[in-house]
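I opened this entry to record what I looked up, element by element. The notes follow in the order I took them.

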Amino acid sequence: MKKLIVLMLIPILAVAVLAGRTGKKLPEAPVPQSAQEQSAPAPKPEEKPAEPAPAQPKEEPAAQPEAPAPAAAAEEEEEENYDTGDASLDDPRNQDGIGEKELLVVSFGTSFNDSRRLTIGAIEQKLAEQFPDWSVRRGFTSQIIIDHVARRDGVIIDNVHDALERAIANGVKILVVQPTHLMDGFEYNDLRDELAGYADAFDRIELGDPLLTIDRDYDMVAETLADATAQYDDGETAIVFMGHGTEAASNAVYAKMQTILSEAGCENYYIGTVEAEPSVEDVLEKVLAGSYKRVVLRPMMIVAGDHANNDMAGDDPDSWKSIFEAAGYEVECVVEGLGQLPMVRMLIADHAAEAIARAEQ
């Protein structure tokens, strides 16, 4: 045994002597894996490396009501200075229990309560009386107006999507949609596109025509405008209508209506727009070319809302009223929407009747 131990020590002593002579540090002999594991502290079970956990979806903050843009907020605050009437007198027509046949009246809308009741509400009432077998409901296209009325008055008005979903939930089979739009413009085309997505939700769905569609419509509205302002037609008064205006090709309705009025002998009648052509400057130039002492302003819009009350009849320097007053005219503003005229309501009902006839074929 002693001999065996000596034999094992000889190589070790030889290596030590060689290292001492050369002065070089020899590489350390590799430590067996088992020795490494013994010398390293064992990781605690909870610290043991694990597979990377799948990324958790980042929790989104609770949705907050979108703050209105500064300009929109200022406009709403300014509007609050006006008494727009009692909202409780207007029927939002958002009830369930519709039945199988619905007549959905779609309007841009207005937050002026009295005007909403006297124009859109009056049109809806006319349709309800003329078509008693149909449930008349309301839909607005302006979400800004819907939100404003809900926030200010606590009155809920359906947008078009909500109105259509309500119709589906109530089991409506035949749906006729009658717009109160003046023309076949962007709003009307957007409505048509939205309805196309619901073609399979009803047995039949029909869209009525806007107010000004065929020549007969123009003639009837021109006659109605002349009759509604006949008391001011004294030879010394320019009668000016404010239309909304659009960038769409349908803006041509204003020029066509101007031609019809002029050809009918209403040469002191002028039509302008607040957001397109002809502008108020164009109209003012024509009025100045005459020998008028007074100007009567009236909206050529279904409702008498913000444009009529502020852009037309407001006291700001850039309102139509102020512009004509600055030019030296006595100005009277008639703040009434087209929806208050019985002939206009009858014409919209005629378009609805045509759509109903198509739906019932």
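**Strand E2, both faces**

I began with E2 and found both of its faces covered: Ser135, Arg137 and Gly139 on one side are buried, and so are Val136, Arg138 and Phe140 on the other. That makes six buried residues out of six, so I noted E2 as mostly covered. I am working from a predicted model.

**The sheet around E2**

Next I asked what order the strands take in this sheet. I read E2-E1-E3-E4, an open sheet of four strands with parallel pairing. E2 (135-140) and E4 (204-207) are the edge strands, and each of them pairs on one side only. From one strand to the next I noted an average twist of 20°.

I then followed the bridges out of E1. Strand E1 covers residues 101-107 and runs parallel to E2, with six bridges joining the two. Ser107 has Phe140 as its bridge partner in E2. Val105 has Arg138 as its partner, again in E2. So two of the buried E2 residues I listed at the start, Phe140 and Arg138, turn up here as bridge partners.

Turning to E3, I found six bridges joining it to E1, also parallel. Here Leu104 stands opposite Val177 in E3.

How enclosed is E1? Six of its seven residues are buried, so E1 is largely enclosed by the rest of the structure.

**Helices on the first sheet**

I checked which helices pack on this sheet. To keep the strands in view, I looked again at the E1 to E2 pairing, with its six bridges. Helix H7 (residues 160-169) packs on the sheet and touches E1, E2 and strand E3 (174-179). The direction of H7 makes about 175° with that of E1. Helix H8 (residues 186-196) packs on the sheet too, touching E1, E3 and E4. For H8 the angle of about 175° is taken with E4.

**Helix H14**

I moved on to H14. H14 has 18 residues and reaches 26 Å from its first C-alpha to its last, close to the 26 Å expected at 1.5 Å a residue. Its buried residues are Val344, Arg345, Leu347, Ile348, Ala349, His351, Ala352, Ala355, Ile356 and Ala359. What do they pack against? I found E1, helix H5 (120-130), E3, E4 and helix H9 (215-228). For the spacing, I kept a general point in mind: an α-helix has 3.6 residues a turn, so residues three or four places apart point the same way.

**Cores**

I looked for the largest nonpolar core and found 53 residues, of which Leu127, Leu211, Leu212, Met257 and Leu338 touch the most other members. Helix H14 (residues 342-359) gives the largest share of this core, eight residues. There is also a second, separate core of 19 residues, including Tyr270, Val287, Tyr292 and Ala313.

I picked Leu211 for a closer look. Setting aside neighbours within four places in sequence, Leu211 is in contact with His181, Leu182, Asp217, Val221, Ile302, Leu338, Val344, Leu347, Ile348 and His351. Among these, Val344, Leu347, Ile348 and His351 are buried residues of H14.

**The other sheet**

I then traced an open sheet of four strands in the order E6-E5-E7-E8, with parallel pairing. Strand E6 (269-273) and strand E8 (330-333) stand at its edges with a single partner strand each, so one side of each has no neighbour in the sheet. Neighbouring strands are turned by 25° against each other on average, direction ignored.

Five bridges join strand E5 (residues 237-243) to E6, and the two run parallel. Met242 has Gly272 as its bridge partner in E6. Helix H10 (residues 252-263) lies across E5 and E6, at about 175° to E6. Helix H11 (residues 280-288) packs on the sheet, touching E5, E6 and strand E7 (294-299), and its direction makes about 160° with that of E6.

**Leu118**

Is Leu118 buried or exposed? Neither: with a relative accessible area of 37%, Leu118 is partly exposed. Its place is in helix H4 (residues 113-118). Outside its neighbours within four places in sequence, Leu118 is in contact with Gly339 and Gln340.

**Whole protein**

Last, I took the totals. I counted 14 helices and eight strands. Of the 361 residues, 43% count as buried.

Terms used
Residues are numbered from 1 along each chain as its sequence is written. This is a predicted model: local features need pLDDT of at least 70, side-chain atom pairs count only at pLDDT 80 or more; totals for chains, interfaces and linings use all residues. Side-chain values use heavy atoms; hydrogens and water are left out. A nonpolar core is a set of buried Ala, Val, Leu, Ile, Met, Phe, Trp, Tyr and Cys residues joined through side-chain atoms within 4.5 Å. Buried means under 20% relative accessible area, exposed over 50%, partly exposed in between (1.4 Å probe, protein chains only). Contact means heavy atoms within 4.5 Å. Two strands pair if DSSP finds at least two bridges between them. Axes are lines fitted to C-alpha atoms, for helices over the stretch in contact, and angles run from 0 to 180 degrees between N-to-C directions. The expected span of a helix is 1.5 Å times one less than its number of residues.
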